[in-house]
Amino acid sequence: MVRDADPDLSRKPAGPPRSLPARLAELGAAANRWVRAPLPPPPAALRRGPLRRDAFDSRLRSPRLTSLLGLALAVAFAVCFLTGLISHLIQHPPAWFWWPSRPVGLYRVTQGLHVATGLASVPLLGAKLWSVYPRLFGWPPARTLVHAVERAGVAVLVAAALFQLFSGILNIARWYTPMPFFFTAGHYWSAWLAAGALMAHLGVKLPIVRRALARATPDRTRPGGLTRRGLLGAVGAAAGVITLATAGQTVAPLAPVALLAPRRPGTGPQGLPVNKTAAGAGVRDAAFDPGYRLTIAGPARTVSLDLAGLAALPQHTVVLPISCVEGWSSTGTWTGVRLRDLAALVGVDPEHAEAYVESLEARGRYRATTVPPPHVRDPYTLIALRLGGEVLHPDHGYPARLIAPNRPGVLQTKWVARITARSAS
Ligand SMILES: Nc1nc2c(c(=O)[nH]1)N[C@H]1C(S)=C(S)[C@@H](COP(=O)(O)O)O[C@H]1N2
Ligand SMILES: [Mo]
């Protein structure tokens, strides 16, 4: 290959010495030529099986098909990433992060979208990978260094995307055996990997996508065979069926057709699903112990209340959902004591208070939680004693559980034993 008009680096420059920026520009140009230089071809003897020329002859595959699937997938991934990020930030809030307590069902919507877009991505990703997988056997495997780096980026993207979908589905199914790592951390960091690789991939492919979508290329599929429209319709239908068969876990009217959802609203004791039971948490004895007291500690005093003492405080009733990170949600009618009243009881101004709520549960990741000021202040935030008019079922947190508006289920601590209130300002 002849390269024209490139300055010959070996020749001494004529005239005054060049500036540093000029030298850097030359170095950059040389590096650019080097990484784009053709790599030596691999031995031709390896060119067998799927690596042989024209091993894949489906005429259904085209840049247009791949672009359409890729765009749908990019939208689904973007919604899934952003809603997942919100959920992560609520659970691990950095100092700058602020999440409101209203609207009460906002988290139910964002997390419902997170799980729905993740599940709809399964057929989209499957079809997208099918539309490009012959490239896996492209020859030569890497034309230039740049090409090799781009392919490595695609490998990271595919691996991270598959990992996200598989780990998310395993978490929905609560099947942790195949995941010998902490799901939340793995799912979170791999999401950044997928997002970064996706941005790079989009940057590289955007010109191709634009070209493929600019003009309506004729569908050159064989007569009588599956058409592009047919394939896209089937993929869309698959995504639709998956969504319909799972959305009922959070959209109550769809519950009867939620055949793929492991948890559904209205099921379980007192009409509410249960993730961890009282027996599973090892709190049955402590919960039914007549010596049970709820301890509220504050800067002014510490108060211990038995069940009669709690029942003697002003009671309030609110209608709030439990919105699990796994995508299911269910509305309950809760009655109990306002957390803000308990903060005031121990000498903390409830308008600017933070509360640390601990469970009878001795171990377990979700045995304690911090309730931030917007939620302590909110009159809907209760230490609930009753659900649907009845005394709390043991599996729903008897004798007392936290229920707050617009919060992930994992932060709605059950079997509350101790509350520490402090001023947040
Ligand atoms: N102490 C304690 N509280 C807990 C949990 C837990 O494991 N331990 N699980 C949480 C999770 S993940 C959810 S979704 C809700 C479910 O509440 P429910 O069982 O009353 O529906 O409780 C939360 N409260
Ligand atoms: Mo949950």
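A polar contact here is a pair of N or O atoms within 3.5 Å. With that cut-off in hand, the ligand site of this predicted model is a good place to start. An oxygen atom of ligand 1 sits 2.5 Å from an N or O atom in the side chain of K414, a pair that falls inside the limit. The protein covers 97% of the 540 Å² of accessible area that ligand 1 has on its own.

Two further contacts involve nitrogen on the ligand side. The side chain of E361 brings an N or O atom to 2.7 Å from a nitrogen atom of ligand 1. At Q412 the backbone takes part instead, with an N or O atom lying 3.0 Å from a nitrogen atom of the ligand. As for the wider surroundings, 20 residues lie around ligand 1, and those that come nearest are P273, E361, H396, R401 and K414. So E361 and K414 turn up twice, among the nearest residues and as side-chain partners in polar contacts, because their N or O atoms fall within 3.5 Å of ligand atoms. Sorted by class, the shell is made up of 9 nonpolar, 6 polar and 5 charged residues.

Next come the aromatic rings. Searching the whole structure turns up 8 aromatic pairs. In one of them, W96 and F97, the ring centres are 5.8 Å apart and the planes meet at 85 degrees, so this pair is edge-to-face. The two partners differ in their exposure: W96 is exposed, at 64% relative accessible area, whereas F97 is buried, at 18%.

Y188 and W189 make another edge-to-face pair, with ring centres 4.9 Å apart and planes at 70 degrees. Here, too, a buried ring residue is matched with an exposed one: Y188 has a relative accessible area of 17% and counts as buried, while W189, at 57%, is exposed. This pair doesn't stand alone, as ring pairs link Y188 and W189 with F81 and W192 into a cluster.

Finally, there is S87, a residue of helix α2, which spans residues 63-91. The relative accessibility of S87 is just 5%, and because buried means under 20%, S87 counts as buried. What does S87 touch, once neighbours within four places in sequence are left aside? The contacts of S87 are then with Y107, Q111 and V325.

Note on methods
Residues are numbered from 1 along each chain as its sequence is written. Chains are lettered from A and ligands numbered from 1 in the order in which they are written. This is a predicted model: local features need pLDDT of at least 70, side-chain atom pairs count only at pLDDT 80 or more; totals for chains, interfaces and linings use all residues. Side-chain values use heavy atoms; hydrogens and water are left out. Helices (H or I, at least four residues) and strands (E, at least two) are DSSP runs, numbered from the N terminus. Buried means under 20% relative accessible area, exposed over 50%, partly exposed in between (1.4 Å probe, protein chains only). Contact means heavy atoms within 4.5 Å. A residue is near a molecule or strand if one of its heavy atoms lies within 4 Å of it. A polar contact is a pair of N or O atoms within 3.5 Å; within protein, one must be able to donate a hydrogen and the other to accept it, and residues adjacent in sequence count only if both atoms are side-chain atoms. Accessible areas come from the Shrake-Rupley method with a 1.4 Å probe; for residues, only the protein chains shown count as cover. Ala, Val, Leu, Ile, Met, Phe, Trp, Tyr, Cys and Pro count as nonpolar, Asp, Glu, Lys and Arg as charged, and the others, Gly among them, as polar. Rings of Phe, Tyr and Trp (its six-membered ring) pair if their centres lie within 6.5 Å; planes under 30 degrees apart count as stacked, over 60 as edge-to-face and the rest as tilted.
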